[in-house]
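Work through the exercises below with the sequence and the 3D structure at hand. Each task is followed by a solution in steps.

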Amino acid sequence: LTNNILSSYALDIYVRTHGIEPINKHAYQALAEDILPDKKITFETHKQNLFSVTPFTMKHDIFKQVFGYLIEVNDETIVISGDTIPQLSPLMTYAQHATLLIHEVYSTAVYEKSMTSAWQNYYIQSHTSTQELSDICNQVKPQLLVLTHHTINDSNVTQDLYLSEMRQYGYNGEISFASDLKVYDLSSLSSSSSSIKSKSNK
């Protein structure tokens, strides 16, 4: 993938690195590394801070290579589920008491009342319902759960619906919704204004 991207920009790269533009002539180069399940990769930022990423195996549809990711920064842990059916075992290994768990979800009510049988068959083999995720989070116990891949496409499918379902199925932890450009302060999640706290009686 990386080689083909570089190939598609070959002319632009040549002009910029051999012309009069005073740029870093090596900045375009990519250092790609194939990932392997459970193999930690450590990176250094431009400020010389270290963080690590560990991929782990999840399940989605019939794909053979599906990964979630554990990101470790200082003493904080971020876990991203990716698209997946419920997978308690790897999350118990990599996400227990995580600072931030970013997990996909779909509405159980929408699944039961609005989906055709064909879509139900797809979702149950590819994604995680609010009921299933509530059970997982009650065992994994993240500091903050961030819901992603949630479908909010009409007036009846809202954030409140997802929150009420998570509470209905017994998860009372702190919940937020992923959105573009949202920022989370990992060092002070308990007072972060970007998180949403909801009571079961809301």
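**Exercise 1. Salt bridges**

Task: Find how many salt bridges the whole structure holds, and state which residues form them.

Solution. The model is a predicted one. A search of the whole structure gives three salt bridges.

Step 1. Start with R16 and D12, whose side chains meet in a salt bridge at 2.9 Å, N to O. Both residues belong to helix α2 (residues 10–18), where they lie four residues apart, about one turn of the helix. An α-helix has 3.6 residues a turn, so residues three or four places apart point the same way.

Step 2. Look for a further partner of R16. E21 forms a salt bridge with R16, with the closest N and O atoms 3.1 Å apart.

Step 3. Turn to E72, which forms a salt bridge with K40; here the closest N and O atoms are 3.2 Å apart. E72 is in strand β3, while K40 is in the loop between α2 and β1 (41–44), so this pair ties together parts that are 32 residues apart in sequence.

Step 4. Check for shared partners. D12, R16 and E21 are joined into one network by salt bridges that share partners.

**Exercise 2. Exposure of the charged partners**

Task: Are the residues of these salt bridges buried, partly exposed or exposed? Classify R16, D12, E21, E72 and K40.

Solution. The class "partly exposed" lies between the limits of under 20% for buried and over 50% for exposed.

- R16 has 36% relative accessibility, so R16 counts as partly exposed.
- D12 has 35%, and therefore counts as partly exposed.
- E21, at 32%, counts as partly exposed.
- E72 is at 25% and counts as partly exposed.
- K40 is at 48% and counts as partly exposed.

**Exercise 3. A charged residue without a salt bridge**

Task: Locate E165 and describe what its side chain meets.

Solution.

Step 1. E165 is part of helix α7 (residues 159–168). The buried residues in α7 are L161, Y162, L163, E165, M166 and R167.

Step 2. Ask what lies over these residues. The cover of the buried residues of α7 includes α4, α6 (130–140), β6 (144–148) and β7 (175–177).

Step 3. Look for a charged partner. E165 is buried yet has no salt bridge, and K113, the nearest side chain of opposite charge, is 7.7 Å away. A salt bridge needs the nitrogen and oxygen atoms within 4 Å.

Step 4. Look for a polar partner. The side chain of E165 makes a polar contact of 2.5 Å with the side chain of T130.

Step 5. List the contacts. With neighbours within four places in sequence left aside, E165 is in contact with S107, T108, A109, T130 and S134.

Step 6. Follow the chain past the helix. G170 comes after α7, and its phi is positive, near 100°.

**Exercise 4. Three nonpolar residues**

Task: Decide whether L1, I62 and M115 are buried or exposed, and say where each of L1, I62 and M115 sits.

Solution.

Step 1. L1 is in the segment before α1 (2–8). Its relative accessibility is 82%, so L1 counts as exposed. Together with I5 and Y9, L1 makes a nonpolar surface patch of about 380 Å².

Step 2. I62 is in the loop between β2 (50–57) and β3 (67–73). I62 counts as exposed because its relative accessibility is 76%. I62 and E33 are 29 residues apart along the chain, and their C-alpha atoms are separated by 24 Å.

Step 3. M115 is in the loop between α4 (108–113) and α5 (117–124). At 19% relative accessibility, M115 counts as buried, since buried means under 20%. Not counting residues up to four places away in sequence, M115 touches V110, Q120 and Y123.

**Exercise 5. The whole protein**

Task: How many helices and strands does the protein have, and in what pattern do they follow along the sequence?

Solution.

Step 1. Count the elements: there are seven helices and seven strands.

Step 2. Read them along the sequence: α-α-β-β-β-β-α-β-α-α-α-β-α-β.

Step 3. Take the extent. The C-alpha trace spans about 65 × 40 × 35 Å along its principal axes.

Step 4. Take the burial and the surface. Of the 202 residues, 36% count as buried. The protein exposes about 12,800 Å², with carbon and sulfur atoms supplying 52% of it.

Step 5. Take the contacts. Among those between residues at least 6 apart in sequence, 50% join residues at least 24 apart.

Note on methods
Residues are numbered from 1 along each chain as its sequence is written. This is a predicted model: local features need pLDDT of at least 70, side-chain atom pairs count only at pLDDT 80 or more; totals for chains, interfaces and linings use all residues. Side-chain values use heavy atoms; hydrogens and water are left out. Patches are made of residues with over 30% relative accessible area and no salt bridge: like charges are joined within 9 Å, nonpolar side chains (Val, Leu, Ile, Met, Phe, Trp, Tyr) within 5 Å. Accessible areas come from the Shrake-Rupley method with a 1.4 Å probe; for residues, only the protein chains shown count as cover. Helices (H or I, at least four residues) and strands (E, at least two) are DSSP runs, numbered from the N terminus. Buried means under 20% relative accessible area, exposed over 50%, partly exposed in between (1.4 Å probe, protein chains only). Lys and Arg count as positive and Asp and Glu as negative; His and the chain ends are not counted. A polar contact is a pair of N or O atoms within 3.5 Å; within protein, one must be able to donate a hydrogen and the other to accept it, and residues adjacent in sequence count only if both atoms are side-chain atoms. Contact means heavy atoms within 4.5 Å.
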